Amino acid sequence: MNEMFSVAGKVAVISGAAGVLGGSLARHFASQGADVVGLVHRTEQVSETLESLQACGGNPQVYECNVMDAESLKAIASSVKDSYGKVDILINVAGGNVKGANVMPDQNFWDMKLEDWTKVLDLNLNGTVYPCYVFSEIFAAQGFGCILNISSMAAYDALTRVAGYGAAKEGVSNFTRWLSAELAIKYGDKIRVNALAPGFFIGKQNRAALLNEDGSLTERSVKVIAKTPMRRFGDLTELNGAAQFLCSDAASFVTGVVLPVDGGFSSFSGV
Ligand SMILES: NC(=O)c1ccc[n+]([C@@H]2O[C@H](COP(=O)([O-])OP(=O)(O)OC[C@H]3O[C@@H](n4cnc5c(N)ncnc54)[C@H](O)[C@@H]3O)[C@@H](O)[C@H]2O)c1
């Protein structure tokens with residue numbers, strides 16, 4: 001039974017590996033015996049991320065990488081394939097909001113910065129599409145592979161303020177479904193594409209919106225908790241099991257789903 005859920009011996013490329021959720025996922029997969037290849041955005045994140053993965057297990061590597069740069073992704077993909085002989089899993093975690101693409105209560109939509117709208121779409125949508133574009137070619141050639149993208153609650157219903165981020169994550173969900181069908185139809189049932197839609201977890205990018213400096217809830221997070229039947233934020237480790245399931249043989253007939261991990265937020269009207 002446990003064998004079905006195992007990711008031991010699988011080569012798992014994970015972007016955003018120096019981030020809050022990506023770091024937790026990368027350490028979890030390494031601790032489960034996967035060979036994790038962490039992609040990090042900044043040079044100074046490389047050695048720290050590598051050390052944290054080495055402490056967990058497997059045979060990890062870490063690359064500096066801009067997920068919006070297809071050429072650099074191609075070079076990394078080829079190096080990973082050369083060193084491990086295969087790639088089993090791609091998890092696209094890099095992403096986040098861009099402040100200027102928000103519309104705050106005291107602003108009009110037309111005050112939003114268009115360059116930041118473009119930036120948030122680039123980071124979240126292209127930053128998911130480009131790694132899929134590069135690694136799906138490897139998956140098609142080897143005849144197997146599994147992609148896991150990260151969407152958001154902002155993709156389900158409109159969340160106030162986050163205009164650009166919501167549009168980008170809705171794009172990630174739609175693209176996940178499209179790519180799942182495209183790859184299964186053309187390359188068979190061993191290539192799967194799914195996404196997780198995390199509810200509200202405290203990360204670097206949303207800490208200020210969700211917690212006051214003294215740790216108390218902000219006006220916005222009081223509303224978030226009221227719409228979350230479990231009445232709490234997610235713990236960082238609570239994405240790990242869902243991610244492992246979708247990347248394991250236990251999910252061999254699961255493709256094209258966007259799985260909420262949200263304490264019930266997406267299924268509750270709030271009433
Ligand atoms: N924290 C939450 O509650 C929450 C909820 C829903 C979705 N998400 C999504 O989960 C993912 C991770 O969020 P997090 O909270 O861990 O945030 P985070 O800021 O801790 O992690 C994001 C990581 O992406 C990296 N990154 C940014 N730009 C990059 C680029 N161009 N190339 C490569 N890497 C880049 C950053 O260096 C960072 O390590 C994001 O896609 C986010 O949108 C988070």
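Which helices each supply at least two residues of the shell around the ligand? In this predicted model, the helices are α1 (20-31) and α4. The legends below start with the whole chain and then move in.

**Figure 1. The whole chain, with its 8 helices and 7 strands.** The radius of gyration is 18 Å, close to the 18 Å that the globule rule gives for 271 residues, so the chain is as compact as a globular protein of that length. Along its principal axes, the C-alpha trace spans about 55 × 40 × 40 Å. Of the 271 residues, 44% count as buried. Take the contacts between residues at least 6 apart in sequence: 71% of them join residues at least 24 apart.

**Figure 2. Confidence along the predicted chain.** Here the mean pLDDT is 96, and 99% of the residues reach 70 or more. Among the elements, strand β4 (residues 89-92) has the highest mean pLDDT, at 99. Helix α6 (residues 207-210) has the lowest, at 82. As a reading tip, where pLDDT is low, the predicted coordinates should not be read in detail.

**Figure 3. The largest nonpolar core, made of 68 residues.** Look for Ala12, Val13 and Ile14, which touch the most other members of this core. Helix α4 (residues 114-142) gives the most to the core, with 9 residues. In soluble globular proteins, nonpolar side chains tend to be buried together.

**Figure 4. A close-up of Ala12 and the residues it touches.** Leaving out residues up to four places away in sequence, Ala12 touches Val7, Phe29, Ala34, Val36 and Val37, along with Asp88, Ile89 and Ile91. Ala12 is also one of the three residues that touch the most other members of the largest nonpolar core.

**Figure 5. The shell of 27 residues that surround the ligand.** The closest are Gly19, Leu21, Ala94, Gly95 and Gly203. Helix α1 gives the most to this shell, with 3 residues. By type, the shell divides into 13 nonpolar, 13 polar and 1 charged.

**Figure 6. Ala167 in helix α5 (residues 163-187).** Is Ala167 buried or partly exposed? Ala167 counts as partly exposed, because it has 18 C-beta neighbours inside 10 Å, while a buried residue needs 20 or more. A partner to find in this view is Leu121: Ala167 and Leu121 are 46 residues apart in sequence, and their C-alpha atoms are 7.5 Å apart in space.

Notes:
Residues are numbered from 1 along each chain as its sequence is written. This is a predicted model: local features need pLDDT of at least 70, side-chain atom pairs count only at pLDDT 80 or more; totals for chains, interfaces and linings use all residues. A nonpolar core is a set of buried Ala, Val, Leu, Ile, Met, Phe, Trp, Tyr and Cys residues joined through C-beta atoms within 7 Å. A residue is buried if 20 or more other C-beta atoms lie within 10 Å of its own, exposed if 12 or fewer, and partly exposed in between; C-beta atoms are placed from the backbone. Helices (H or I, at least four residues) and strands (E, at least two) are DSSP runs, numbered from the N terminus. Two residues are in contact if their C-beta atoms, placed from the backbone, lie within 7 Å. The radius of gyration is taken over C-alpha atoms; the globule rule is 2.2 Å times the number of residues to the power 0.38. A residue is near a molecule or strand if its C-beta atom, placed from the backbone, lies within 6 Å of it. Ala, Val, Leu, Ile, Met, Phe, Trp, Tyr, Cys and Pro count as nonpolar, Asp, Glu, Lys and Arg as charged, and the others, Gly among them, as polar. pLDDT is the predictor's confidence in each residue, from 0 to 100.
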